Amino acid sequence: MANSYKDTMNLPTTDFPMKGNLPANEPKRLQAWEDGQLYWRVLEKNRDGEPFILHDGPPYANGPIHIGHAFNKILKDFVNKSHAQRGFYTPYIPGWDCHGQPIEHEVEKKLGTEKMRELPQSTVRRLCREWAERFVDVQRDGFKRLGVNADWEHPYLTFIPNFEAGNVEVFKKMYLDGAIYRGRKPIHWCSHCHTALAEAEIEYGDEVSPAIFVRFKMTTVPAGLEAWEGKLDVAIWTTTPWTLPADDAVILHPTEPYVAVEHDGRAYIMAQALVEKLVAKFEWDDAKLIEGWSATGTELEGNRYEQPIFADQGEEGVFIYADYVTMEDGTGIVHTAPGHGMDDYLAGMKFGIPVVMPVDDDGRFYEGEGIGAGGPFSGMEVNEANPVIIEWLRERGMLIMHEDMHHSYPHCWRCHEPVIFRATNQWFVSMENTGLRAAASAAIENDVEWIPAWASNRIGAMVAERPDWCISRQRSWGVPIPVFTCGKCGETVATEATFYAVIDLFYAEGADAWFTKAPKEYLPADTCCPKCGAGVADLLPEKDILDVWWESGVTHVSVLQHRASEGLRWPADMYLEGSDQHRGWFQSSLLTSVGAFGKPPYKSVMHCGFTVDENGEKMSKSKGNGVDPADVMSKFGADVLRLWVASVDYSHDVSISDNILKQVSDAYRKFRNSLRFVLGSLFDFDNSMCVASWDDLEPIDKYMMARTYALLRDCENYYDTYKFSGVYRAGYDFVNELSSVYMDAIKDRLYSEAPDSPRRRAAQSVLMNILEVLVRVLAPILSFTCDEVWENYPPAIREAEERPFSVQLAGWPARDDFAPTLPDDNGRMDLERFAVAMEVRDVVTKALEEARTEKRINKSQEAAVIVSLPADKMDALTCFDASVFEELFIVSGVTLREGDEIACEVVSAEGEKCPRCWNYRELGTNADHPAVCKRCGDALDAIGFAEDAE
């Protein structure tokens with residue numbers, strides 16, 4: 001017969017292409033979203049919904065976005081869109097950190113250090129602002145390309161007047177409350193960048209340092225060692241020989257016993273716990289313990305020794321004690337220079353030890369012969385001085401031993417050079433004066449949800465152990481410390497009136513005015529020094545600027561409070577940044593908020609890990625293992641990058657590489673092709689064609705409807721708990737089952753039944769429900785693709801006048817939206833019952849594959865199967881007709897029989913191959929269509945198909 005039945009089949013048709021060509025098409029969709037004001041329309045739709053405010057942490061505006069930026073911003077977009085899709089009001093104001101050393105450093109690199117030092121501060125600030133503005137635009141374009149919804153045209157920038165004034169508002173409150181003070185303390189100092197650094201501006205890297213054991217000659221003799229007068233030393237250990245010119249004490253443990261060891265005619269005091277180890281290390285073969293003498297650190301307190309560098313000038317050091325001295329390394333006695341370390345400083349304060357600081361801003365010893373200068377090492381850079389000092393000690397017989405040690409050492413986060421501890425006059429936030437440490441710790445424990453929960457322990461330990469916060473920086477580009485100094489007596493002048501005057505000045509003209517106007521031009525005329533009475537004309541503005549972590553830390557005022565009229569609120573519902581921000585932005589925001597207002601600025605904090613390569617190694621230019629998000633999007637598209645973000649556990653470091661992205665791209669194709677099949681199968685469907693009741697569905701349809709509702713519930717739970725990888729996994733598993741099981745099984749129904757066949761409309765009803773759920777629950781992740789799906793809905797549906805132009809305006813599916821209506825148990829019973837059939841399917845599929853391999857069959861429709869089942873399985877499946885299994889297994893005949901285990905025998909199907917549906921059936925039962933099976937004959941009648949006359 002010459003008839004071709006292809007044109008009588010309901011073959012899928014859709015304009016949704018198999019290949020998304022995302023790199024080319026996504027920018028067009030972005031433009032459509034912008035033209036249609038999608039961000040604002042989503043806000044308007046949810047205007048009356050419950051607010052959810054995710055407050056954006058500001059990245060530095062000093063270069064194009066990197067993969068870490070993309071990872072973080074996409075996660076934020078997941079949070080916002082998953083809330084907006086469910087009706088929350090989600091204004092999102094992006095921001096940039098535009099002040100501080102990172103940007104000033106880039107300008108300095110461009111100009112050269114010498115030229116930059118010659119420029120007036122106003123010019124430097126202008127150049128820094130221009131640099132920041134340039135990269136705000138660059139980064140904004142990068143973030144928009146990711147598909148992130150935000151108020152991109154009205155971001156917050158830390159150099160705008162409104163924002164700068166917010167710094168002073170918080171400073172005023174904390175200063176007047178007594179939390180901020182000026183003091184001389186050791187802080188991290190970068191000699192290269194010439195500025196103090198906070199703990200959050202420190203990164204740790206491996207260094208090799210000289211560890212030396214040195215003998216200091218005692219000038220007093222502890223009771224019991226009188227016989228050793230003039231021959232008595234204290235053995236100390238240090239990894240910073242360059243700090244010896246500032247030595248003025250040695251620290252012992254208060255309760256550990258110390259003993260004296262005789263060697264080469266002298267006695268050396270050291271910790272008893274370390275004697276055996278040290279004698280072996282020093283190779284002191286003649287060493288012996290001086291019997292009958294031992295003393296604790298507390299008992300030795302007050303003894304004195306010759307200062308190691310300046311003994312010829314009569315300088316001495318003193319014995320003190322502290323709990324932090326350990327018995328793990330060294331001699332149990334630590335040389336201390338309170339100006340070069342916070343622990344030493346705090347210990348020295350308890351005993352009235354003076355702070356000696358012989359090192360200048362460049363990290364070089366001051367010129368001079370006395371203590372407080374470099375003495376024999378005057379003018380030398382401290383690290384260059386290390387070997388010189390060691391040799392100097394060796395020549396004088398003071399060096400016991402020198403060895404190099406590998407250890408983690410603090411480096412400047414910007415220039416990556418090792419830093420030093422150096423006592424300078426700085427501004428600090430006290431952790432104790434106003435109870436800030438206790439209040440912040442209580443807020444961490446009681447007032448904030450940490451995601452993941454264990455993060456509370458991390459930030460809690462950091463706050464519990466952190467020193468006072470150094471908030472002053474010796475740079476040009478930033479917000480100045482808003483206080484004044486009396487030019488006559490040096491007293492600090494800072495009152496409520498002066499603070500309000502500065503706030504008004506910054507609102508009106510920005511912080512630049514601080515550097516161009518005299519205080520008398522904006523301070524109240526009656527402002528005077530509280531100590532000497534000098535007038536406003538004698539006041540000098542503070543030269544230091546605020547730490548950038550302070551600036552970003554007050555965004556809860558400068559953004560959340562100042563822009564409350566735009567729908568923002570304080571505190572925010574969430575802060576979300578990298579895990580390093582527990583010591584950075586999370587902490588600075590917490591301290592300024594609790595310090596000023598007594599409450600944390602956020603209700604929840606979520607952190608993400610770092611991006612690393614596929615081997616778990618940190619990305620760097622030198623290794624060539626970096627991944628540029630622009631390159632990813634030009635090759636794969638933003639939706640593949642977004643899908644990668646959803647696929648990983650963001651709470652830990654995450655790997656990314658071209659190979660990983662190729663795997664994600666394969667997963668993306670699974671989603672896309674499944675959605676394409678669904679769209680193509682619904683080309684002639686609209687909602688009026690949906691079957692009327694649950695009972696009109698086939699068993700496999702009920703199973704898939706129940707699975708769809710379960711997917712919706714699971715995704716709701718995953719979004720609620722911010723487990724985006726759960727959404728990805730649930731969605732991927734669902735479309736995998738959809739394509740490999742359900743779509744395979746119902747193809748015969750969809751293609752071969754009459755268009756209006758109840759069985760075909762039942763399958764289409766299920767597919768419509770699946771589409772309505774998938775396109776919405778995946779939209780926060782696959783934003784571009786789901787919008788493309790939305791555009792390619794069945795014609796009758798997408799042409800409805802009330803239909804929104806984007807799926808992001810389509811809301812969230814609800815139980816009542818399912819059609820037909822779900823039963824009271826949401827299909828749980830049908831799901832459980834059909835799960836047995838799915839178990840049997842696995843066995844049948846394997847048997848069919850073996851039959852194909854053995855060349856007994858080609859297509860599964862050529863087969864019939866005889867399935868053996870245990871009694872309990874048989875009982876569970878007797879409610880189903882054989883046709884249910886024929887459709888599920890895609891075979892032409894199924895026989896069930898009882899057996900000991902699930903087993904399958906494949907035999908040849910009875911009947912003949914129908915030329916229209918390719919199933920093996922009895923042919924010729926329809927007189928008008930004798931060449932096809934009964935079902936196909938009925939379908940041909942329904943569409944009025946006439947056979948060709950012979």
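Colleague: Two strands pair if DSSP finds at least two bridges between them. What order do the four strands of the open sheet have?

Modeller: The order is β5-β4-β17-β19, and the pairing is antiparallel. β5 (195-197) and β19 (469-470) stand at the edges with a single partner strand each, so one side of each has no neighbour in the sheet. Strands (E, at least two residues) and helices (H or I, at least four) are DSSP runs, numbered from the N terminus.

Colleague: And what am I looking at, source-wise?

Modeller: A predicted model: local features need pLDDT of at least 70, side-chain atom pairs count only at pLDDT 80 or more, and totals for chains, interfaces and linings use all residues. Residues are numbered from 1 along each chain as its sequence is written, and side-chain values use heavy atoms, with hydrogens and water left out.

Colleague: How many bridges join β4 to β17?

Modeller: Ten, between residues 180-190 of β4 and residues 420-429 of β17. One of the residues with a bridge partner in β17 is Pro186, and its partner is Ala423.

Colleague: Which helix packs on that sheet?

Modeller: Helix α10 (residues 342-350), which touches β4 and β17. Its direction makes about 140° with that of β4. Axes are lines fitted to C-alpha atoms, for helices over the stretch in contact, and angles run from 0 to 180 degrees between N-to-C directions. Contact means heavy atoms within 4.5 Å.

Colleague: New topic. At what angle do α24 and α25 pack?

Modeller: About 145°, with the axes 9 Å apart. α24 covers residues 758-777 and α25 covers residues 783-791. From α24, the contact uses Leu771, Glu772, Leu774, Val775 and Arg776; from α25, Cys786, Val789 and Trp790.

Colleague: Where does Glu886 sit, and is it buried or exposed?

Modeller: Glu886 is in helix α29 (residues 882-889). Glu886 is buried, at 19% relative accessible area. Buried means under 20%, exposed over 50%, partly exposed in between (1.4 Å probe, protein chains only).

Colleague: What does Glu886 contact?

Modeller: Leaving aside neighbours within four places in sequence, Glu886 contacts Val891, Ser892, Gly893, Val894 and Arg921.

Colleague: How many disulfides are in the whole structure?

Modeller: Zero. A disulfide here is a pair of cysteine sulfur atoms within 2.5 Å. For Cys914, the nearest cysteine sulfur is that of Cys917, 3.7 Å away. Cys914 is buried, at 0% relative accessibility.

Colleague: And Cys936, what is its nearest cysteine sulfur?

Modeller: That of Cys933, 3.7 Å away, and Cys936 is in no disulfide. Cys936 is buried, with a relative accessible area of 0%.
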